[in-house]
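Subject: Structure for your files

Hello,

The structure is handed over below, with the sequence. My notes on it follow.

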Amino acid sequence: MQNKFYMTLYFYISILYKYMFPISHFNQVKTPFYYYDKTLLNHTLSTLTRLAEDRNFVVHYAIKANANPGILKIIAAAGVGADCVSGGEIKAALAAGFPAKKIVFAGVGKADWEIEYALENKIFCFNVESAEELAVIEELARKKETIASVALRLNPNIDAHTHEYITTGLNENKFGIPLEMLDGVLAQMQNYTHVQLVGFHFHIGSQILNMESFRLLCERINRLQDDLARRNIQVKHINVGGGLGVDYDNPDKNPIPDFESYFNVFRDNLDLRGGQQLHCELGRAVVCQCGSLITRVLYVKKSLKKQFVIVDAGMTDLIRPALYQAHHYIENITSDMAEQQYDVVGPICESSDCFGKNVTLNATERGDLIAIRSAGAYGEIMASQYNCRPLPGSLIE
Ligand SMILES: *Cc1c(COP(=O)(O)O)cnc(C)c1O
C-alpha cells in the first residue's frame with residue numbers, strides 16, 4: 001500500500017518534472033537516441049484517419065519508414081493497414097497488431113519464403129512487380145492450395161521531381177511493370193488458377209511536395225482505366241502508393257503534413273469506377289515529424305576557417321544526409337547563448353558523415369544536447385553498426 005503511494009507520487013513528480021524541465025530527463029538516457037513525440041504522432045494519425053475516412057480512402061502505413069515496435073503499436077492502434085516490403089516487415093506488422101487482412105506486400109525481389117509466409121498468414125494482397133514474380137506466386141499458392149490476391153504494380157513513367165535515389169515511377173527504374181507490358185501479363189494470367197487480380201498499384205517516389213506529380217498520376221490511371229473498360233476489365237482496388245513529403249526546414253511550423261491537399265488531388269482528379277476502393281501507402285508523412293535524433297556534443301573543434309561541432313551521433317545513426325544529401329533542421333536544445341555558425345559532424349571516418357554545413361546554432365559547448373529534427377522516417381530503421389558502433393536507443397513519450 002505504502003509502496004503504491006510512493007509509486008503514484010513518483011509518477012506525478014516525474015510528469016511535473018518533465019513539464020517544468022522538458023529536456024532535463026534526457027540526461028538519463030544514453031546518447032545518441034531517437035526521441036519520439038507520442039502526442040504529435042497521435043495527432044498526425046487522427047488527422048490522417050479522419051481525412052481518409054471522410055473520403056472513403058484506405059490508408060496503409062509503409063512500415064519501412066520506421067519499424068520501432070513502440071511506434072508500430074501506436075500506428076496499428078489507429079486502425080490503419082500496413083504496407084510491407086519484406087517478410088521481416090510482415091512479421092513486425094503482425095507482432096504490432098496490424099490485422100493480416102490489412103497488409104499489402106510489395107517489393108521487386110520477394111524471396112520464396114517471404115511469399116510462403118505471406119500466403120500462410122493470408123495477407124490482403126501482393127503488389128506484384130513482374131511477370132516472373134507472378135509465375136512464382138501462382139506456383140507457391142498452388143502448392144499451398146490457396147489463392148493469392150494480387151495487384152499489379154504498374155510503372156506509370158512519371159517524374160516525381162525528387163531526389164534520383166527516391167524516384168521510382170520512371171521507366172528506367174527497376175520497379176513495377178511498364179504499362180506497355182500489361183497486356184502480356186494479363187494474357188499470362190488467363191492460364192493461372194491460384195492468383196486473383198484484385199487491383200492495380202502505383203508508387204512514383206518519395207518526399208513529393210508538388211501535388212502536380214500526383215495529379216499526373218491520376219491522369220495516367222484514368223487513361224489506363226478507360227482503355228481497360230473498353231475491354232471489360234475492371235479491378236476492385238486502386239492503390240496510389242505513398243510519397244507525400246514533409247517540411248524538413250520548418251518542423252515546428254508544419255508538424256503535420258498536408259494530408260488534405262494530398263487526398264483532395266485524388267478525390268478531384270481520379271475517376272474511380274463503380275465500387276472501386278482507393279488505397280494509399282504513406283510512410284514518411286506519418287512518422288517523420290514526431291522524431292528527433294538527440295545527440296551530445298563531444299568537441300567544438302576550431303579549425304582554420306570553420307568551427308566543427310563534433311557530436312556522438314554519426315551517419316550510422318542517421319544516414320539521410322550522407323545518402324541523399326538530405327537537409328535536417330538542427331538546434332542546440334541546451335544553450336541560449338548568441339548564435340554562431342558551425343559544421344555539425346559525426347565521428348565516423350567518412351567525409352560524408354556530416355549532418356549540416358554552416359548551421360546556425362546557439363553558442364555550443366562540450367556536453368550540450370543537439371536535436372536533429374524530422375528524423376522519425378528513414379532514421380532509426382536505417383541505422384547500422386559500421387565502425388562497431390552500438391545502435392541508437394529510443395524514447396517514446
Ligand atoms: C517506400 C514506399 C512507400 C512509402 O513511401 P513514403 O515516401 O515514405 O510515403 C509506399 N509504397 C511503396 C511501394 C514504397 O516502396
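To begin with one helix pair, α2 and α9 are roughly parallel to each other, since the angle between them is about 20° and anything under 35 degrees falls in that class. Please keep in mind throughout that this is a predicted model. The axes of α2 (residues 38–55) and α9 (residues 259–269) are 10 Å apart, and the crossing of α2 past α9 is right-handed. On the α2 side, the contact is made by Thr-44, Thr-47, Leu-48, Leu-51, Ala-52 and Arg-55. Their partners in α9 are Phe-259, Glu-260, Phe-263, Asn-264 and Arg-267. Sorted by class, this contact has 5 nonpolar, 3 polar and 3 charged residues.

The second helix pair is α5 (residues 112–120) with α6 (residues 131–143). Their axes come within 10 Å and cross at roughly 55°, so the two helices are classed as oblique to each other. Here too the crossing, α5 past α6, is right-handed. From α5, the residues that meet α6 are Asp-112, Ile-115, Glu-116 and Leu-119; from α6, they are Val-136, Ile-137, Leu-140 and Ala-141. The class count for this contact is 6 nonpolar, no polar and 2 charged.

Some further points on α5. Its buried residues are Glu-114, Ile-115, Tyr-117, Ala-118 and Leu-119. Ile-115 and Leu-119 are thus listed both as buried and as part of the contact with α6. The cover over the buried residues of α5 includes α6 itself, along with α4 (87–96), β4 (103–105), β5 (125–128) and β6 (148–155). Just after the helix, Lys-122 has a positive phi of about 55°.

On backbone geometry, there are a few places to look at. The peptide bond between Thr-31 and Pro-32 is cis, with omega about -5°. Pro-32 sits in the loop that runs between α1 (2–20) and β1 (33–36). The loop between β16 (369–372) and β17 (393–396) holds Asn-387, whose phi is near 70°, a positive value in a residue other than glycine. Cys-388 is in the loop between β16 and β17 as well, and its phi is also positive, near 55°. How exposed is each of these two residues? Asn-387 has a relative accessibility of 36% and therefore counts as partly exposed. Cys-388 has a relative accessible area of 78%, so it is exposed, the cut-off being over 50%.

Next, the cysteines. How many disulfides does the structure hold? The count is 0. Cys-290 is in no disulfide, and the nearest cysteine sulfur to its own belongs to Cys-288, 8.4 Å away. Cys-290 is buried, because its relative accessibility is 3%. For Cys-354, the closest cysteine sulfur is that of Cys-349, and the 15 Å between them is too far for a bond; a disulfide would need the two sulfur atoms within 2.5 Å. Cys-354 has a relative accessibility of 14% and so counts as buried.

Two single residues remain. His-237 is in strand β9 (residues 237–239). Is His-237 buried or exposed? With a relative accessibility of 14%, it counts as buried. Leaving aside residues up to four places away in sequence, His-237 touches Phe-124, Val-198, Gly-199, Phe-200, Gln-277 and His-279.

The other is Ser-206, found in the loop between β8 (195–201) and α8 (211–229). Ser-206 has a relative accessible area of 11% and is therefore buried, as the limit for that class is under 20%. Between the C-alpha atoms of Ser-206 and Arg-223, which are 17 residues apart along the chain, the separation is 23 Å.

Regards

Terms used
Residues are numbered from 1 along each chain as its sequence is written. This is a predicted model: local features need pLDDT of at least 70, side-chain atom pairs count only at pLDDT 80 or more; totals for chains, interfaces and linings use all residues. Side-chain values use heavy atoms; hydrogens and water are left out. Axes are lines fitted to C-alpha atoms, for helices over the stretch in contact, and angles run from 0 to 180 degrees between N-to-C directions. Helices (H or I, at least four residues) and strands (E, at least two) are DSSP runs, numbered from the N terminus. Angles under 35 degrees count as roughly parallel, over 145 as roughly antiparallel, 65 to 115 as roughly perpendicular and the rest as oblique. A crossing is left-handed if the near helix is turned anticlockwise from the far one by less than a right angle, and right-handed if clockwise. Contact means heavy atoms within 4.5 Å. Ala, Val, Leu, Ile, Met, Phe, Trp, Tyr, Cys and Pro count as nonpolar, Asp, Glu, Lys and Arg as charged, and the others, Gly among them, as polar. Buried means under 20% relative accessible area, exposed over 50%, partly exposed in between (1.4 Å probe, protein chains only).
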